[in-house]
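Subject: Structure handover

Hello,

Here is the structure you asked about. Please have a look at the sequence and the model first, then read the notes below.

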Amino acid sequence: MNKSSTHFRLIRRLADIGAIAKGEFKLKSGRTSDIYCDMRMAILDQICLFLLVEEMGHLMVGHRFDSIGVMEGAGSCVLLGAVLSHFGNVSGFVIRKEPKDHGTGTMIEGTPGKCPIRSEE
């Protein structure tokens, strides 16, 4: 798979803003990694957010979808909003880890289309 120029610009920008760290890190999954990327820093940097959305666009070329979903979390929601504005006529939805204990108690906010794509961190 060929890497886009956006891919390399994104990696460089992540390094420039200090979002990439080397060491030993325990991930949410319980696995460990010797590289960590702080996505909160990435989405709060305007240039990095733009490059993330561009790179996601490259990854989605050739895939048919009418909605994009993310797991709940402020960072995921910010990225989802940026991606939705990039793609235009695509709806978004957020998947909760647990049902809300108030309101409608839903697991999904928004409406997945007939052909959704779900994004992981």
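One residue to start with is Cys48, which is buried, with a relative accessible area of 0%. Please keep in mind that this is a predicted model.

The two cysteines
The sulfur of Cys48 lies 7.1 Å from the closest cysteine sulfur, which belongs to Cys37. A disulfide requires the two sulfur atoms to be within 2.5 Å, so this pair is too far apart for a bond. Seen from the other side, the closest cysteine sulfur to Cys37 is in Cys48, and the conclusion is again that no bond can be drawn. The count of disulfides in the structure is therefore zero. Unlike the buried Cys48, Cys37 counts as partly exposed, at 28% relative accessibility.

The fold in outline
The secondary structure of the chain consists of four helices and six strands. In sequence order they follow the pattern α-β-β-α-α-β-α-β-β-β. The C-alpha trace spans about 40 × 30 × 25 Å along its principal axes. If we take the contacts in the chain with a separation of 6 or more, 48% of them join residues 24 or more positions apart.

The core
How many residues are in the largest nonpolar core? There are 23, and Ile68 and Leu79 touch the most other members. At least two residues of this core come from each of helix H1 (5-16), helix H2 (39-43), helix H3 (46-60), strand S3 (67-71) and helix H4 (74-87). H3 gives the largest share, with seven residues.

Which residues does Ile68 touch, if those up to four places away in sequence are not counted? The list includes Met60, Leu80, Val83, Leu84 and Phe87. Further along the sequence, Ile68 also touches Val90, Ser91, Gly92, Phe93 and Ile117.

Surface and charge
Of the 121 residues of the chain, 29% count as buried. The accessible surface of the chain comes to about 8300 Å², and carbon and sulfur atoms account for 55% of that surface. As for charge, the chain carries 15 positive and 14 negative side chains. The centres of these two sets lie 3 Å apart.

If you open the model yourself, Ile68 is a practical place to begin, as one of the two residues that touch the most other members of the core.

Regards

Note on methods
Residues numbered from 1 in each chain as written. Predicted model: local features only at pLDDT ≥ 70, side-chain atom pairs only at ≥ 80, totals over all residues. Heavy atoms only, no water. Buried < 20%, exposed > 50% of the residue type's maximum accessible area, 1.4 Å probe, protein only. Contact = heavy atoms within 4.5 Å. Areas by Shrake-Rupley, 256 points an atom, 1.4 Å probe, with all protein chains shown as cover. Lys, Arg positive; Asp, Glu negative; His and termini not counted. Charge placed at Lys NZ, Arg CZ, Asp CG, Glu CD. Core = buried A, V, L, I, M, F, W, Y, C linked by side-chain atoms within 4.5 Å.
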